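Reader: Got a minute to go through this one with me? Let's start with a ligand.

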Amino acid sequence: MFRKWVQATTNAVLLSIVFASLALAQCETGSTRILNSCIANLGVQTMTAASSGYADASKAFNRRFSYKPAAIAYPKTKDQVALLVKCAAAAKAPVVARSGGHSYAAYGLGGQDGALVVDLSSMKSISIDQSTGLAVSQTGNRLGDLAQYIWDNGRRALPHGSCPYVGTGGHASYGGFGLYGRTAGLLLDRVVSAEVVTANGTTLTASAQSNSDLFWAIRGAAPSYGIVTAWTFNTLPAPSSLVNYWYTFSSSLSNAQAVQIIQAFMNFAASKPTKQLQSVANIGVSNGHVYISIMGTFYGTSPDFNSAITPLQNSFPANVGMSLRTTNRDWYGGLTEFTGSLNTSGPDDYDNFFAKSLFSDTAYSQAAITNWVNYMTQQGSSAPIGWWVLIDMYGGSVSDIPEDATAYAHRSAVLNFQIYGYSSNDGHNAWVGQSGIDFINGLTASLDGNPSAAYPNYIDPTLTAAQWQSLYFGGHMDRLKKLKAAWDPFNVFRFPQSIPLPASDTCGLA
Ligand SMILES: Cc1cc2nc3c(=O)[nH]c(=O)nc-3n(C[C@H](O)[C@H](O)[C@H](O)COP(=O)(O)OP(=O)(O)OC[C@H]3O[C@@H](n4cnc5c(N)ncnc54)[C@H](O)[C@@H]3O)c2cc1C
Ligand SMILES: *[C@@H]1O[C@H](CO)[C@@H](O)[C@H](O)[C@H]1NC(C)=O
Ligand SMILES: *[C@@H]1O[C@H](CO)[C@@H](O)[C@H](O)[C@H]1NC(C)=O
């Protein structure tokens, strides 16, 4: 393995010297023309700036961004994906995949102008082997398509997030956490192999047995290494019964009460409760008061839920208007109670937003939470945009996998925070501009001025290279750079936060 890597790296260095001199001339000026004349010969449906559907097809889910791809292609087969990647490589154009298009920074459109977007929406085949439970799903499938299919065909389940329109391509590339995550891990933890088109247009299998170094990299950072055309997931038998639950509190909490409730939630997560229990706190401000709800799922019976949740419930302060509602469901009923319909054939939604993410391995101090809650009521009541905070209880099965087993770098977290500012869907009058970004940054810093980890699925384009490399990938960064040199020596799969080459001087990065 090491020999092969040294060989590949040596070849890469030699070839990049050759190509760098060829590339410079055509980098800035020629690439879109060369790209589009190459693609025109492939027989793949493609939109360019001249096509009538181009404006719609290049809209980002996050309307804060608008980019002009060189072309958006709709391959139907992995061989067409491979031909498209070869055209991009020959034209020195950046190439990205778009699965569900839900990247927070529109990286499915390239995150910059001039990319070739390989849109996977025509690649939606899916099958499941009833004897092994292995499901093979092309990456045009959204989470809703996947969940529906494996439920319909054998009452199977996978852990993933709860927005049906999120794509399986991006979601499993960078993690994939949801209300089954503490029990069953991340969606990427259920991947046993992947069909990947790599930078030189080769289609191969990445698994523990085959191209295992690539397999390591794609489970946490796939967009920098190739286009995954299909995932093979090891599905689980759907849990037969579950309890969904919601805690709500008074709408006139004092800040001190809000701090106590949030502290109770964090301490409970840090106590690492049973993996059967999932929990999310939803926090914001309404009429000058912090509102808090805590909801989640318990995979098991009501009596077992009651004993699992008692330590949390007992740690809430008195007289905060706590009430608890629960429902008993099967897997499908429990999932759709949170997600709504899994049917993704209607038009997708969109938003205009900026979000910060941070992971923590411990509960925050009372002083930090107090500072945070004060910022919420002081600045948050008159914020220039709408905003909310979600705190996921992490750990459980996610933490059972050794940190170095995959490129995903956040196995020891017990809490994941998402701090989200938006302005499109609620009648707010302004798009999220710099004042909105400043507010969200301030809200984040009022809790933690120096976070050590963030979630790449909540990708944040305002981070500097030094910041995101360390926040997303931590100690895995060196290995990721070496694997980038081995698998994508000419940096074909590049976007603003793609893994860089160890020393990068190739087209598009200058
Ligand atoms: C409304 C909403 C709800 C969400 N809820 C959750 C949640 O509950 N839990 C959670 O963990 N995350 C959640 N997310 C975050 C989500 O997981 C990420 O935004 C994810 O990357 C989106 O994947 P996508 O395929 O839809 O996006 P895309 O924009 O298509 O892709 C995202 C990135 O992955 C790359 N990519 C896409 N497909 C492939 C492929 N086949 N091979 C290689 N690279 C590929 C793209 O080039 C891009 O860089 C949510 C996001 C939104 C907008
Ligand atoms: C493409 O890259 C792979 C992995 O580095 C290598 O095994 C294969 O030989 C390459 N194919 C071509 C046509 O260069
Ligand atoms: C999914 O929704 C579409 C309309 O958006 C509808 O035509 C279709 O029948 C629905 N499919 C199912 C299985 O409900």
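Author: Sure. An oxygen of ligand 2 sits 2.3 Å from a side-chain N or O atom of Asn200, within the 3.5 Å allowed for a polar contact between N or O atoms.

Reader: How much of ligand 2 does the protein bury?

Author: 38% of the 360 Å² that ligand 2 exposes when taken alone. Areas are Shrake-Rupley, 1.4 Å probe.

Reader: And which residues are around ligand 2?

Author: Asn200, Thr202 and Trp487, each with a heavy atom within 4 Å.

Reader: What kind of model, and what conventions?

Author: It is predicted: local features need pLDDT of at least 70, side-chain atom pairs 80 or more, while totals for chains, interfaces and linings use all residues. Residues count from 1 along each chain, chains are lettered from A and ligands numbered from 1 as written, and side-chain values use heavy atoms without hydrogens or water.

Reader: Switching to the sheet. What's the strand order?

Author: 15-12-14-13-17-18-16, open and antiparallel. Strands are DSSP E runs of at least two residues, helices H or I runs of at least four, numbered from the N terminus. Pairing takes at least two bridges.

Reader: Which strands stand at the edges?

Author: Strand 15 (323-329) and strand 16 (353-360). Each has a single partner, so one side of each lacks a neighbour in the sheet.

Reader: How many bridges join strands 17 and 18?

Author: Eight, between residues 386-393 and 415-422. Met393 has Leu415 as its bridge partner.

Reader: Which strands does helix 14 lie across?

Author: Helix 14 (434-447) lies across strands 16, 17 and 18, contact being heavy atoms within 4.5 Å. The helix runs at about 15° to strand 16; angles are between N-to-C directions of axes fitted to C-alpha atoms, from 0 to 180 degrees, with helix axes fitted over the stretch in contact.

Conventions. Polar contact = N/O pair within 3.5 Å; in protein donor to acceptor, adjacent residues only side chain to side chain.
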